[in-house]
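Ready for a few short exercises on reading a protein model? Have a look at the picture first, then work through each solution one step at a time.

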Amino acid sequence: MTVLTRRIGGVQLDIIVADIATLGVDAIVNAANTSLLGGGGVDGAIHRAAGPELVAECRMLHGCKTGDAKITKGYRLRAAHVIHTVGPVWNGGTIGEDDRLASCYRRAMELCGQHKLTSVAFPAISTGIYRFPADRAAEIAVRTTVEMLPAAPSVDRVVFCCFSEPSAELHAEALARHSGPC
Ligand code: AR6
């Protein structure tokens, strides 16, 4: 279900409610943990849909630091690639959680630029098991991604793939703030 679509320059930005593991985009972003070896939430859904070849490639990456991102193939997913990033665990906002969350979106967009990807879908990183406040995370997600569009000129579509309507509403409000008048 599409909640909002906006254009910024030549880029279409969509807020949708969906299972990210079903999307046919160039890359889906995974909210992983530092091991990159799978887990619950969106990480579990992506690994289940991609099949065991995904964890086999992830094993060769030797983990990922919080705020960083690494790219693999998508295997049995419709998406050709998975960009694995590790969001911060929320700890009251006092230990740099905002910057680390922004870094996830920044690094993912940098990888899109480096690999000349045309479309990318993000889940609401850190807002599930890692307990980052959903409104604060949506603002950081949209603001950082919009700021990074010039660094990934190959990208012509960005999807914020939310898992609930309240989450999508928060992203829609943030996108309206950052995309100016229609
Ligand atoms: N499609 C889109 N969004 C989803 C899906 C899905 N299939 N499933 C959940 N979400 P979470 P985190 C939403 O917990 O907070 C894992 O165990 C969910 O509603 O998946 O970054 C990792 O291995 C929420 O809004 O990720 C780590 O250990 C958002 O995705 C840890 O969880 C993120 O929720 C990472 O925690």
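## Exercise 1: Cysteines without partners

The sulfur of C112 sits 13 Å from the closest cysteine sulfur, the one in C104, so it is too far away for a bond. Keep in mind that this is a predicted model, where local features need pLDDT of at least 70, side-chain atom pairs count only at pLDDT 80 or more, and totals for chains, interfaces and linings use all residues. Residues are numbered from 1 along each chain as its sequence is written, and side-chain values use heavy atoms, with hydrogens and water left out.

Task: find how many disulfides the model has, and work out whether C58 and C112 are buried or exposed.

Step 1. Start with the rule: a disulfide is a pair of cysteine sulfur atoms within 2.5 Å. By that rule, the count is 0.

Step 2. Check C58: its nearest cysteine sulfur belongs to C64 and is 9.8 Å away, and C58 is in no disulfide.

Step 3. Now the surface. Buried means under 20% relative accessible area, exposed over 50%, and partly exposed in between (1.4 Å probe, protein chains only). C58 has 1% relative accessibility, so it counts as buried. C112 has 0%, so it counts as buried too.

## Exercise 2: The sheet

Task: give the order of the strands in the sheet and name its edge strands.

Step 1. Know your terms. Helices (H or I, at least four residues) and strands (E, at least two) are DSSP runs, numbered from the N terminus. Two strands pair if DSSP finds at least two bridges between them.

Step 2. Read off the order: 7 strands make an open, mixed sheet, β1-β2-β7-β6-β3-β5-β4. The edges are β1 (2–8) and β4 (69–73), each pairing on one side only.

Step 3. Zoom in on one pair. β3 (residues 27–32) and β6 (residues 119–122) run parallel over 2 bridges, and I28 has A121 as its bridge partner in β6.

## Exercise 3: Helices on the sheet

Task: which strands do helix α1 and helix α5 pack against?

Step 1. Contact means heavy atoms within 4.5 Å. Axes are lines fitted to C-alpha atoms, for helices over the stretch in contact, and angles run from 0 to 180 degrees between N-to-C directions.

Step 2. Helix α1 (residues 41–50) touches β3 and β5 (81–86), and its direction makes about 130 degrees with that of β3.

Step 3. Helix α5 (residues 165–179) lies across β1, β2 (11–17) and β7 (157–162), at about 20 degrees to β1.
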